[in-house]
Amino acid sequence: MDPMNTTQSGLPASEAAAEARRLLDEWAGKPVRHHPTSFRDDTERPAFGTTPPVRQEDHRIVPAWAAGIAVASIGVGAGITGIGCGAWLVLQGLSSVTLNGVLMVTLPFAGLAMAATAIGGAISKARAAVTKNVFEGPVTHHTEIHNNSTTRGAFFARTRNEIR
């Protein structure tokens, strides 16, 4: 039997109404209790002896080095986060690389390198064409080599060559 859904009670309707009225009157006759939200003790404090503690405000001063380390760590964290996001973006881009994409990206660099090579070759040929060396008279070449070689030691051998 479910007490919440019972249609018949043990009392007749008139007795049930009288009991309900009695319970409501009993509840309404009780005084309302108010709960205080604050309390102030106005008793006089003793001039000597044990006194209650006095609140002392906390005014801490942070050393400059500690503030510097805190700011630096925030900056390093933000920088590392930025680097990580940049790396993630680069790797996301690299994961969708195609041959056509690579060729289109490297095409300007290849063109620039080709132009630099052509300009360098033209400058080199222009310089070579201008120089003209004319030698007149006999050319003699005399080379004389005297080599004295001495080796000392067995395990850590040291060889000395004197060329004059």
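## Exercises on salt bridges and a nonpolar patch

Glu57 counts as exposed because its relative accessibility is 53%, where exposed means over 50% relative accessible area, buried under 20% and partly exposed in between, with a 1.4 Å probe and protein chains only. The model is a predicted one, in which local features need pLDDT of at least 70 and side-chain atom pairs count only at pLDDT 80 or more, while totals for chains, interfaces and linings use all residues. Residues are numbered from 1 along each chain as its sequence is written, and side-chain values use heavy atoms, with hydrogens and water left out.

**Exercise 1.** Find the salt-bridge partner of Glu57 and classify its exposure.

*Solution.* Begin with the criterion, which asks for a side-chain nitrogen of Lys or Arg within 4 Å of a carboxyl oxygen of Asp or Glu. Glu57 meets this with Arg55, at 3.5 Å from N to O. Arg55, at 69% relative accessibility, therefore counts as exposed.

**Exercise 2.** Trace the network of salt bridges that contains Arg22.

*Solution.* First, take the pair Arg22 and Glu19, whose closest N and O atoms are 2.6 Å apart; both residues lie in helix α1, three residues apart, which is about one turn of the helix. Next, Arg22 also forms a salt bridge with Glu26, at 3.1 Å from N to O, and these two residues of helix α1 are four residues apart, again about one turn. Glu19, Arg22 and Glu26 are thus linked in a network. Finally, check the exposure: Arg22 is partly exposed because its relative accessibility is 43%, and Glu19 at 32% and Glu26 at 44% count as partly exposed too.

**Exercise 3.** State how confident the prediction is for helix α1.

*Solution.* The scale to use is pLDDT, the predictor's confidence in each residue, from 0 to 100. Among the elements, which are DSSP runs numbered from the N terminus (helices H or I, at least four residues; strands E, at least two), helix α1 (residues 13-29) has the highest mean pLDDT, 91, and strand β2 (residues 158-163) the lowest, 73. For the protein, the mean is 81, and 91% of its residues reach 70 or more.

**Exercise 4.** Determine which residues make the nonpolar surface patch and which helix gives the most to it.

*Solution.* Candidates have over 30% relative accessible area and no salt bridge, and nonpolar side chains (Val, Leu, Ile, Met, Phe, Trp, Tyr) are joined within 5 Å, like charges within 9 Å. Val90, Leu91, Leu94, Val97 and Val102 make a patch of about 450 Å², an area from the Shrake-Rupley method with a 1.4 Å probe. Helix α2 (residues 64-95) gives the most, with three residues, while Val102 is found in helix α3 (residues 99-130).
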